[in-house]
Amino acid sequence: MNDQPTVSPKRQGLSRVWHAFVYSVEGLRAGWHEPAFRQEAILAVLILPAAWWLGQSWAETVILVGVVLAVLVVELLNTAVEAAIDRVGSQWHAQSKRAKDTASAAVLLSLLLCGGVWLSALWRWWAH
């Protein structure tokens, strides 16, 4: 296999948009192979319909949906960081650990935010 970088042609207009879309779908497929992303995506599909039921306004519904999507976005970024670090080498390095740990912490914070928003919406619904 050739590890030489390839230079992609400069695309413009709809061709650029199309190729960007295809690369994004490939990224989602790559994310799907990560167990954490797959679990979060399945949970998202299960709980997102409840956002329309729990949200008492358009803004609340958007926030409930948005925090769930934010978890998926951060998880994909975490996967990208891990893949890039693993590509550099398999030996342990303090900077590699730091990069992976901070990306993991970002996932944790996004999960805490999501959980807090959803719990507050559930609490308001329960108390109402």
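The following exercises, each with a worked solution, concern salt bridges and a nonpolar surface patch in a predicted model.

Local features need pLDDT of at least 70 and side-chain atom pairs count only at pLDDT 80 or more, while totals for chains, interfaces and linings use all residues. Residues are numbered from 1 along each chain as its sequence is written, and side-chain values use heavy atoms, with hydrogens and water left out.

**Exercise 1.** Determine how many salt bridges the model contains, a salt bridge being a side-chain nitrogen of Lys or Arg within 4 Å of a carboxyl oxygen of Asp or Glu.

*Solution.* Under this criterion, three salt bridges are found. Asp86 pairs with Lys100 at 2.6 Å, N to O. Glu60 pairs with Arg124, with 2.9 Å between the closest N and O atoms. For Lys97 and Asp101, the closest N and O atoms lie 2.4 Å apart.

**Exercise 2.** Place each salt bridge with respect to the helices, which are DSSP runs (H or I, at least four residues) numbered from the N terminus.

*Solution.* Step 1: take the pair Glu60 and Arg124. Glu60 belongs to helix H3 (residues 58-88) and Arg124 to helix H4 (residues 94-127); with these positions 64 residues apart, the pair links distant parts of the chain.

Step 2: take Lys100 and Asp86. This pair also links distant parts of the chain, with Lys100 in helix H4 and Asp86 in helix H3, 14 residues apart.

Step 3: take Asp101 and Lys97. Both residues lie within helix H4, four residues apart, about one turn of the helix.

**Exercise 3.** Classify Glu60, Arg124 and Asp86 by relative accessible area, where buried means under 20%, exposed over 50% and partly exposed in between (1.4 Å probe, protein chains only).

*Solution.* Glu60 has a relative accessible area of 26% and is therefore partly exposed. Arg124, at 29%, is likewise partly exposed. Asp86 is partly exposed because its value is 46%.

**Exercise 4.** Identify the residues of the nonpolar patch and the helix that supplies its largest share.

*Solution.* Step 1: apply the definition. Patches consist of residues with over 30% relative accessible area and no salt bridge; like charges are joined within 9 Å, and nonpolar side chains (Val, Leu, Ile, Met, Phe, Trp, Tyr) within 5 Å.

Step 2: list the members. Trp53, Leu119, Leu122, Trp125 and Trp126 form the patch on the surface, with about 650 Å² of accessible area together; such areas come from the Shrake-Rupley method with a 1.4 Å probe, and for residues only the protein chains shown count as cover.

Step 3: assign the helix. H4 contributes the largest share, four residues. Leu119 lies in helix H4 and, at 58% relative accessibility, counts as exposed.

Technical notes: Helix = DSSP H or I, 4+ residues; strand = E, 2+ residues; numbered from the N terminus.
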